[in-house]
Each structure stands twice: as C-alpha cells, then as structure tokens.
Amino acid sequence: MVQVIGAGMGRTGTYSMQAALVRLGYGPCHHMSSLGEYPESIAHWEAAVRGEQVDWKDLLAGYQSAVDWPVCSFWRELADAYPDAKVVLTVREPRSWYASARKTIYRYMARKPGIEGAIMRLEERLYPSLRRRRALCERLIWENTFEGRFDEPEEAMKIFERHNSAVRETIDPDRLLVYDVRQGWQPLCDFLGVEIPDEPFPHLNVADSFVRSAVRRRRRALTLRKMHPEEGSAIR
C-alpha cells in the first residue's frame with residue numbers, strides 16, 4: 001500500500017528521494033527507472049496516459065511509495081486513491097531544474113530528428129523496452145505536460161512552477177511536505193514521524209550517472225552498427 005506520494009517533477013532530487021524513502025522503510029519505491037526494471041508495467045502507464053480508467057492500487061501493488069514521472073503527473077488521482085498517504089513535493093530552483101532536465105531526460109529520452117534520431121532508433125533496436133519508455137515520455141512529458149514547448153526555457157519553467165503551485169494549493173497542508181532534498185533527513189523524518197538514520201542523506205548525483213549510462217548505451221549501439229552494416233536500415 002502506497003504511504004508516500006512524490007508529487008515533484010523529475011530532476012528535483014527524485015532519485016535521492018527514492019533512496020531515502022527506501023532507507024526509511026517505505027520501499028519498494030516506484031520511480032521512472034522502475035519501468036526499465038519491470039517493462040511489463042509500461043502498458044498500464046500507457047493506458048493511464050491515454051486517459052483510460054486505471055486501478056491505481058493494482059498498478060502500484062507492492063510499492064510503499066512512488067516518486068518521479070510518470071507518478072508525478074497523476075498526483076491528484078493518487079492522492080484520491082490513497083487518502084491516508086502523505087504527499088511530498090520535491091522542489092528545486094527553476095533554472096537549475098531546467099538545465100538538469102535538458103541535459104538528461106530531454107537529451108536522451110525526447111525523440112529528435114536527423115542524426116540524433118537515427119542513433120535513438122539504433123538504440124531501440126538493441127533495447128526494445130527503451131522505445132516504449134521513450135514513447136511514453138514523449139506523450140506524457142514533452143507533449144502533455146510541456147505542451148511541446150520544453151525547448152522554450154521560460155515557458156518550460158512556467159509550467160514547472162505552475163505544477164508546484166497546483167500541488168501546494170490542492171493538498172491539505174497537514175498532508176503535504178514541500179521539500180528540497182538539500183535539507184537532508186530532518187524535515188523528511190519529522191514529516192513522516194520516523195527516526196533520523198545515523199548516516200548521511202543519499203545525495204545521489206544522478207545527472208552524471210544518467211549521462212554516463214546513456215553514453216555507454218550509445219557507444220554499444222554504434223559499435224554494433226559498425227560490426228553489422230547490413231542493418232543500415234535502422235538509421236534511415
């Protein structure tokens with residue numbers, strides 16, 4: 001049963017938040033990375049994005065918490081489905097957030113034309129579930145959330161701040177924690193009513209690891225392309 005709902009958009013420290021919640025006993029914690037670990041769940045999220053009726057308790061069965069996309073796009077529905085769950089809105093300075101999102105998820109998950117798109121198609125031949133995750137991100141994040149305007153920084157940041165304001169205005173203050181992961185354990189543990197662990201807060205530098213992982217994946221795709229030139233149709 002989900003006890004903590006993360007309403008903050010991706011790139012607001014959600015990976016650190018996932019690790020922190022697991023450490024505090026709220027694991028497993030659903031995150032965008034969970035779609036790579038359990039690709040069979042993608043179909044259920046695709047249905048949610050299409051606006052179909054979703055049994056949230058079935059979709060998130062086995063999880064005690066959930067953060068990041070696609071969860072943060074359905075914070076209203078999840079808050080209703082789990083009325084006893086607490087809501088944590090992870091926040092970040094808008095320009096810092098935009099720079100991080102553009103460097104990571106937008107660069108490697110948003111579909112692009114030209115050579116960039118060709119490389120993506122090549123990757124997707126090697127990693128079939130990656131194609132579905134990218135398609136999900138394309139519709140849910142870049143089209144639905146950012147209205148096809150993520151390339152416009154000021155507009156993207158307005159949408160980011162509008163999302164945060166909506167959460168603040170909608171969720172009962174007693175149920176909501178507006179939280180910057182740089183604050184560490186204290187506010188989070190006070191809010192959840194748990195003891196502070198005797199260890200540092202897990203400040204994970206996911207941007208760098210995200211980029212390194214993507215570069216390794218692309219290097220492998222391009223290496224195999226050179227080894228198998230007969231598959232050139234993949235990059236047309």
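R50 is partly exposed in this predicted model, its relative accessible area being 44%, and its partner in a salt bridge is E52, with the closest N and O atoms 2.7 Å apart. E52 likewise counts as partly exposed, at 40% relative accessibility. The pair is one part of a wider picture, since a search of the whole structure finds 8 salt bridges, while the chain as a whole has 236 residues, of which 51% are buried. The points below take up the overall make-up of the chain, the strand pairing, the charged side chains, the internal cavity and the backbone geometry.

**Overall make-up**

- The secondary structure of the chain amounts to 11 helices and 5 strands, and buried residues make up 51% of its 236 residues.
- Among the contacts in the chain with a separation of 6 or more, 76% are accounted for by residues that stand 24 or more positions apart in the sequence.
- The area that the chain exposes comes to about 11,900 Å², and carbon and sulfur atoms supply 50% of that area.

**Strand 4 and its neighbours**

- Strand 4, which covers residues 86-90, is largely enclosed by the rest of the structure, because 4 of its 5 residues are buried.
- Strand 4 pairs with strand 1 (residues 4-6) in the parallel sense, over 3 bridges, and it also pairs in the parallel sense with strand 5 (residues 176-179), over 4 bridges.
- V87 takes part in both of these pairings: it is the bridge partner of I5, and it stands opposite L176 in strand 5.
- As a general matter, the side chains in a regular strand alternate between the two faces of the sheet.

**Charged side chains**

- Side chains of opposite charge can pair when their charged atoms come close.
- R149 meets two acidic side chains, forming a salt bridge with E152 at 2.8 Å from N to O and another with E155 at 3.9 Å from N to O.
- The 3.9 Å separation between R149 and E155 still counts as a salt bridge because the cut-off for the nitrogen-to-oxygen distance is 4 Å.
- R149, E152 and E155 are thereby linked in a network of salt bridges.
- Within this network, R149 is partly exposed, with a relative accessible area of 33%, and E152 is partly exposed as well, at 34%.
- E155, by contrast, has a relative accessible area of 15%, and it is classed as buried because that class takes in values under 20%.

**The internal cavity**

- The structure holds 1 cavity of 30 Å³ or more, and the space in the largest cavity comes to about 30 Å³.
- The residues that line the largest cavity are G6, G8, T14, M17, V67, D68, V88 and T90.
- Helix 1 (14-23) and strand 4 each supply at least two residues of this lining, and strand 4 is also the element with 4 of its 5 residues buried.
- D68, one of the lining residues, is buried, with a relative accessible area of 7%.

**Backbone geometry to check**

- Most residues other than glycine have a negative phi, and most peptide bonds are trans.
- Where do the cis peptide bonds at P28 and P70 fall? The bond from G27 to P28 is cis, with omega near -5°, and P28 lies in the loop between helix 1 and strand 2 (29-30).
- The bond from W69 to P70 is also cis, with omega near 0°, and P70 lies in the loop between strand 3 (65-66) and helix 5 (75-81).
- D68 has a positive phi of about 70° although it is not a glycine, and its place is likewise in the loop between strand 3 and helix 5.
- E147 has a positive phi of about 55° and is not a glycine either; this residue sits in the loop between helix 8 (128-145) and helix 9 (153-170).
- Are these two residues buried or exposed, or in between? D68 is buried, at 7% relative accessible area, whereas E147 is partly exposed, at 47%.

Terms used
Residues are numbered from 1 along each chain as its sequence is written. This is a predicted model: local features need pLDDT of at least 70, side-chain atom pairs count only at pLDDT 80 or more; totals for chains, interfaces and linings use all residues. Side-chain values use heavy atoms; hydrogens and water are left out. Buried means under 20% relative accessible area, exposed over 50%, partly exposed in between (1.4 Å probe, protein chains only). Contact means heavy atoms within 4.5 Å. Accessible areas come from the Shrake-Rupley method with a 1.4 Å probe; for residues, only the protein chains shown count as cover. Two strands pair if DSSP finds at least two bridges between them. On a 1 Å grid over the protein atoms alone, a cavity is a set of points where a 1.4 Å probe fits but cannot get out, and a pocket is an open set with protein on both sides within 12 Å along at least five of seven lines; lining residues have an atom within 4 Å of a point. Grid points are joined across faces, edges and corners, and a volume is the space filled by probe spheres set on the points.
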